[in-house]
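User: Hello! I am new to this structure and would like a friendly tour. Please start with the terms I need before we turn to particular places.

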Amino acid sequence: MDSPEVTFTLAYVVFAVCFVFTPTEFHSAGLTVQNLLSGWLGSEDAAFVPYHVRRTAATLLCHSLLPLGYYVGMCFAASEKRLYSPSQAPETWRVFLLLALTLPTIACTLIYYWSRDRWAHHPLARTLAHYAFPQSGWRAVASSVDTEFRRIDKFATGAPGARVIVTDTWVMKVTTYRVHVAQQQDVHLTVTESQQHDLSPDSNLPVQLLTIRVASANPAVPAFDIRLNSTEYGELCEKLRAPIRSAANVVIHQSLGDLFLETFASLVEVNPAYSVPSSQDLEACIGCMQNRASVRLVKTCQEADEGECQQCCCRPMWCLTCMGKWFASRQDPQRPDTWLASRVPCPTCRARFCILDVCAVR
């Protein structure tokens, strides 16, 4: 392929990926289906269910047109291939054109099926219909959802492609192509997984992400997973009526201090270990007097005469948890993004050290 084809292909692939998995920059620039079609979609706050019924249909159609858009663009980027005349185009491109036309055809057919009987066949409408009384329909339930969504006391979190919304009656997950809904009074919630990350993609802070399984007692309502930051777990519990069960191997850190201690311990594990001389016995930690001393401060971040850190001459006197708590207590609570890179004085001799200087005792 010559340069114009390669350039257009790379540019279109980047655009397509960002258009489907919209990053913050695309949201800021307004390059989203919600923004481009805002006049037709209406307001989410005014009518939550009708908005997302139209949004999911429009998103499916727009994304299905991306391959066709690439083919049209290549008609200009590679004019010598005569792609504008399918009968003269190479066989590979004719197959691609067939695929590019098939996808929006299938999408239009599916959307037409959804829209019959005033969108009664849409997946969201069919889910809400399971909660409707015999004398009413799914629209009555949708009206209830719309009313509760407009209240300011709802719980809402997550990225645009995986939002979690909890109202007084409903637990909802809004994704790119679907809206999952379950009624609070008949759901079972279970924390199935937790993932610890030393740094959040949005800030220089440790983060723990929880995966919660939402399973309805109604077998016709499919179960779904929601993900949220562990620091939001307490607020979620306050909004839920049903208790949340946790798997046996899941530990939830609800405060920033808990997350920092977990990250502190994981970073110390990769530092060089300190070998205790055979003639030296490890005593109890002078911080808690319960655990045995398990860390020693040894300058390993730089050479002995370089940098701000200093060599500590104290013997092992602190356990890992107490040293982590001491490190956290010396930080600025208004600047948690600086905690991992900061330096603090030794709790005994006041020699300054960083996390890289905390060595586990072996």
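Analyst: Two strands pair if DSSP finds at least two bridges between them; helices (H or I, at least four residues) and strands (E, at least two) are DSSP runs, numbered from the N terminus. You are looking at a predicted model, where local features need pLDDT of at least 70 and side-chain atom pairs count only at pLDDT 80 or more, while totals for chains, interfaces and linings use all residues. Residues are numbered from 1 along each chain as its sequence is written, and side-chain values use heavy atoms, with hydrogens and water left out.

User: Thanks! Which residue in β8 is the bridge partner of Val191?

Analyst: Strand β5 (residues 187–197) pairs with β8 in the parallel sense, over 3 bridges. Across from Val191, the bridge partner in β8 is Ser246.

User: What does the twist average from one strand to the next in the open sheet with mixed pairing?

Analyst: This open sheet has 4 strands in the order β7-β6-β5-β8. Its edges are β7 (224–229) and β8 (244–246), each with a single partner strand, so each has one side without a neighbour in the sheet. Angles here run from 0 to 180 degrees between N-to-C directions, with axes fitted as lines to C-alpha atoms (for helices, over the stretch in contact). From one strand to the next, the twist averages 30 degrees.

User: Which side chains along β7 are buried?

Analyst: β7 pairs in the antiparallel sense with β6 (residues 207–216) over 6 bridges, and Leu210 stands opposite Leu228 in β7. Buried means under 20% relative accessible area, exposed over 50%, and partly exposed in between (1.4 Å probe, protein chains only). The side chains of β7 alternate: Asp225, Arg227 and Asn229 point to one face and are not buried, while pointing to the other and buried are Phe224, Ile226 and Leu228.

User: In the open sheet with antiparallel pairing, by how many degrees are neighbouring strands turned on average?

Analyst: The 4 strands of this sheet come in the order β1-β2-β3-β4. At its edges stand β1 (155–157) and β4 (179–183); each has a single partner strand, so one side of each lacks a neighbour in the sheet. Ignoring direction, the average turn between neighbouring strands is 10 degrees.

User: What angle does α9 make with β3?

Analyst: Strand β3 (residues 170–175) runs antiparallel to β4, joined by 5 bridges. Helix α5 (residues 48–64) lies across β2 (162–166), β3 and β4, at about 25 degrees to β3. Helix α9 (residues 138–149) packs on the sheet, touching β2 and β3 (contact means heavy atoms within 4.5 Å), and its direction makes an angle with that of β3 of about 85 degrees.

User: How far apart are the end C-alpha atoms of residues 93–114?

Analyst: An unreviewed UniProt entry lists residues 52–72 and 93–114 under "transmembrane region"; its positions use the numbering here, feature names are shortened, and annotations may be inferred rather than shown by experiment. Residues 52–72 are 95% helix and 0% strand, with end C-alpha atoms 30 Å apart. Residues 93–114 are 100% helix and 0% strand, and their end C-alpha atoms are separated by 32 Å.

User: What distance separates the centres of domain 2 and domain 3?

Analyst: An automatic or database domain assignment sets the bounds, giving domain 1 (4–119), domain 2 (151–246) and domain 3 (265–360). Taken over C-alpha atoms, the centres of domain 2 and domain 3 are separated by 37 Å.

User: How many disulfides does the model have?

Analyst: A disulfide is counted here when a pair of cysteine sulfur atoms lies within 2.5 Å. The sulfur of Cys314 has its closest cysteine sulfur in Cys312, at 3.7 Å, which is too far for a bond. By this rule, the number of disulfides is 0.

User: Which residues beyond its sequence neighbours is Cys18 in contact with?

Analyst: Cys18 sits in helix α1 (residues 3–20) and is buried, at 19% relative accessible area. Setting aside neighbours within four places in sequence, Cys18 is in contact with Pro23 and Phe26.

User: Arg118 is not a glycine, so what is its phi?

Analyst: Most residues other than glycine have a negative phi. Arg118 belongs to helix α7 (residues 91–119) and is exposed, with a relative accessible area of 59%. Its phi is positive, at about 60 degrees.
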